[in-house]
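Here is a brief report on the fold, surface and core of one protein. Keep the structure open while reading.

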Amino acid sequence: MSEQKKGILLCDCQGGIFDAGIMGKISSSLEHLNVHGLVVSDLCGVAAVNPGIIKENISEFTELLVIGCYPRTLRLMLKQVAGEVLDSLAVSYINLHETEPEEVVGQVKRFAAGDGTPLITKISEDSGWPSWYPVIDDV
């Protein structure tokens, strides 16, 4: 049986939806946990401009916690860029529209409990791609 490996993907949305201080608090909470954290500067932009990087980075996981906007949106976007990889993972979502920052940090800590190696990978996208575009365009 293969080794269980958890990962957390945080969309640091550039759509101006979430308070930068809150996003910074959530992002910094990942730094000392026994889990691989992917901090994506804007998942919409990365999905449109460099979709392979998401698939490449989540393919090593067996379990994935995705933190961002609406789960339906995140599911659709991740399905577009990492379909078969996503299908092989146990995936859960935290909706930042509906979850208080302290609860997000608590859920992240519970998810990351156990053995593992802390690692943060930052994925940047600065093309100015409009957030939500890939989802709206494909619907």
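## Overall build

This is a predicted model. A compact globule of 139 residues would have a radius of gyration near 14 Å, and the protein has 14 Å, so the two agree. Along the principal axes, the C-alpha atoms fill a box of roughly 40 × 35 × 25 Å.

Six helices and five strands make up the secondary structure. In sequence order they run β-α-β-α-α-β-α-β-α-β-α.

Long-range contacts feature in this fold. Take the contacts between residues at least 6 apart in sequence: 84% of them join residues at least 24 apart.

## Surface and charge

The table collects values for the whole protein.

| Property | Value |
|---|---|
| Residues that count as buried | 45% of 139 residues |
| Exposed area | about 7,300 Å² |
| Share of exposed area from carbon and sulfur atoms | 50% |
| Positive charges | 10 charges |
| Negative charges | 19 charges |
| Distance between mean positions of positive and negative charges | 5 Å |

## The nonpolar core

The largest nonpolar core holds 42 residues. Which of them touch the most other members? They are Leu-9, Leu-43, Ile-54, Ile-58, Ile-67, Leu-78 and Val-108. Helix α4, residues 71–87, gives the most to this core, with seven residues.

Leu-78 deserves a look of its own. Leaving aside residues up to four places away in sequence, Leu-78 touches Leu-9, Leu-43 and Ile-54. Its other contacts on that count are Val-66, Gly-83, Leu-86 and Tyr-93.

Definitions and conventions:
Residues numbered from 1 in each chain as written. Predicted model: local features only at pLDDT ≥ 70, side-chain atom pairs only at ≥ 80, totals over all residues. Heavy atoms only, no water. Helix = DSSP H or I, 4+ residues; strand = E, 2+ residues; numbered from the N terminus. Rg over C-alpha atoms; globule rule 2.2 N^0.38 Å. Buried < 20%, exposed > 50% of the residue type's maximum accessible area, 1.4 Å probe, protein only. Contact = heavy atoms within 4.5 Å. Areas by Shrake-Rupley, 256 points an atom, 1.4 Å probe, with all protein chains shown as cover. Lys, Arg positive; Asp, Glu negative; His and termini not counted. Charge placed at Lys NZ, Arg CZ, Asp CG, Glu CD. Core = buried A, V, L, I, M, F, W, Y, C linked by side-chain atoms within 4.5 Å.
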